[in-house]
Amino acid sequence: MDEERSREVGPQPLDISERVRATLYGDSTRKAIDLMRLMRSEDILQAPALTLTLDYTNLNHAKWVKSFVSSGPPEQKRTASIRATESQAKEAANIFASGVEWVKI
């Protein structure tokens, strides 16, 4: 029964939130390169679905999340949420209008 239900709902998405947080907020001075490496890792490339939830820190990070959602391979479903205040959501309005979910804090 559980197997039948999982086929109907689809595979459980791989949550990469912690790994992305460690890269974005870590000490590395090469964040862009580190993010590219992370997104090319075997488990991320082979996952049928990915999910990501981050806190809003700045507009550039929000733009990266938007890019993450829209740039995946066609067979990979990607979803993302950003936890943000109302004023932060206004600053990044087009990000939230383009497929990134706003979680109000």
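Is arginine 83 buried, partly exposed or exposed? Arginine 83 is partly exposed, with a relative accessible area of 25%. The legends below walk through this predicted model, one view at a time.

**Figure 1. An overview of the fold, with 7 helices and 4 strands.** Following the chain from its start, you will meet these elements in the pattern α-β-α-α-α-β-α-β-α-α-β. The C-alpha trace spans about 45 × 30 × 20 Å along its principal axes. The protein has 105 residues, and 34% of them count as buried. If you look at contacts between residues at least 6 apart in sequence, 57% join residues at least 24 apart. The surface amounts to about 6,900 Å² of exposed area, with carbon and sulfur atoms supplying 52% of it. As for charge, there are 15 positive and 15 negative ones, and their mean positions lie 7 Å apart.

**Figure 2. The largest nonpolar core, a set of 24 residues.** Ile16, Val20, Leu52, Phe68 and Ile82 have the most contacts inside this core. At least two core residues come from each of α2 (17-24), α3 (31-39), β2 (49-55), α5 (59-70), β3 (77-84) and α7 (93-96). Helix α5 gives the largest share, 4 residues. Valine 20 is a handy place to zoom in: leaving aside residues up to four places away in sequence, valine 20 touches Leu35, Leu38, Leu52, Leu54 and Trp64.

**Figure 3. A close look at isoleucine 16, in the loop between β1 (14-15) and α2.** Why does isoleucine 16 count as buried? Its relative accessibility is 0%, and the cut-off for buried is under 20%, so isoleucine 16 belongs in that class. Its partners, again without residues up to four places away in sequence, are Met39, Ile44, Leu50, Thr51, Leu52 and Phe68. Leucine 45 makes a useful distance marker here: its C-alpha atom is 12 Å from that of isoleucine 16, with the two positions 29 residues apart along the chain.

**Figure 4. Arginine 19 and aspartate 43, joined by a salt bridge.** The protein has 6 salt bridges in total. In this one, the side chains meet with an N to O distance of 2.6 Å. The pair links distant parts of the chain, with arginine 19 in helix α2 and aspartate 43 in helix α4 (residues 42-46), 24 residues apart. Both ends are partly exposed: arginine 19 has a relative accessible area of 31%, and aspartate 43 has one of 37%.

**Figure 5. Aspartate 55 and arginine 83, a salt bridge between two strands.** The closest N and O atoms of this pair are 2.6 Å apart. Aspartate 55 sits in strand β2 and arginine 83 in strand β3, so the bridge ties together parts 28 residues apart in sequence. Aspartate 55 is partly exposed at 37% relative accessibility, and arginine 83, our opening residue, is partly exposed at 25%.

**Figure 6. Lysine 104 and glutamate 86, a salt bridge between a strand and a helix.** Here the closest N and O atoms are 3.3 Å apart. Lysine 104 lies in strand β4 (residues 101-104) and glutamate 86 in helix α6 (residues 86-91), 18 residues apart. Lysine 104 counts as exposed, at 55% relative accessibility, whereas glutamate 86 is partly exposed, at 40%.

**Figure 7. A salt-bridge network of three residues.** Which residues take part? Arg30, Asp34 and Arg37 are linked in this network.

Notes. Residues are numbered from 1 along each chain as its sequence is written. This is a predicted model: local features need pLDDT of at least 70, side-chain atom pairs count only at pLDDT 80 or more; totals for chains, interfaces and linings use all residues. Side-chain values use heavy atoms; hydrogens and water are left out. Buried means under 20% relative accessible area, exposed over 50%, partly exposed in between (1.4 Å probe, protein chains only). Contact means heavy atoms within 4.5 Å. Accessible areas come from the Shrake-Rupley method with a 1.4 Å probe; for residues, only the protein chains shown count as cover. Lys and Arg count as positive and Asp and Glu as negative; His and the chain ends are not counted. The place of a charge is taken as NZ of Lys, CZ of Arg, CG of Asp or CD of Glu. A nonpolar core is a set of buried Ala, Val, Leu, Ile, Met, Phe, Trp, Tyr and Cys residues joined through side-chain atoms within 4.5 Å. A salt bridge is a side-chain nitrogen of Lys or Arg within 4 Å of a carboxyl oxygen of Asp or Glu.
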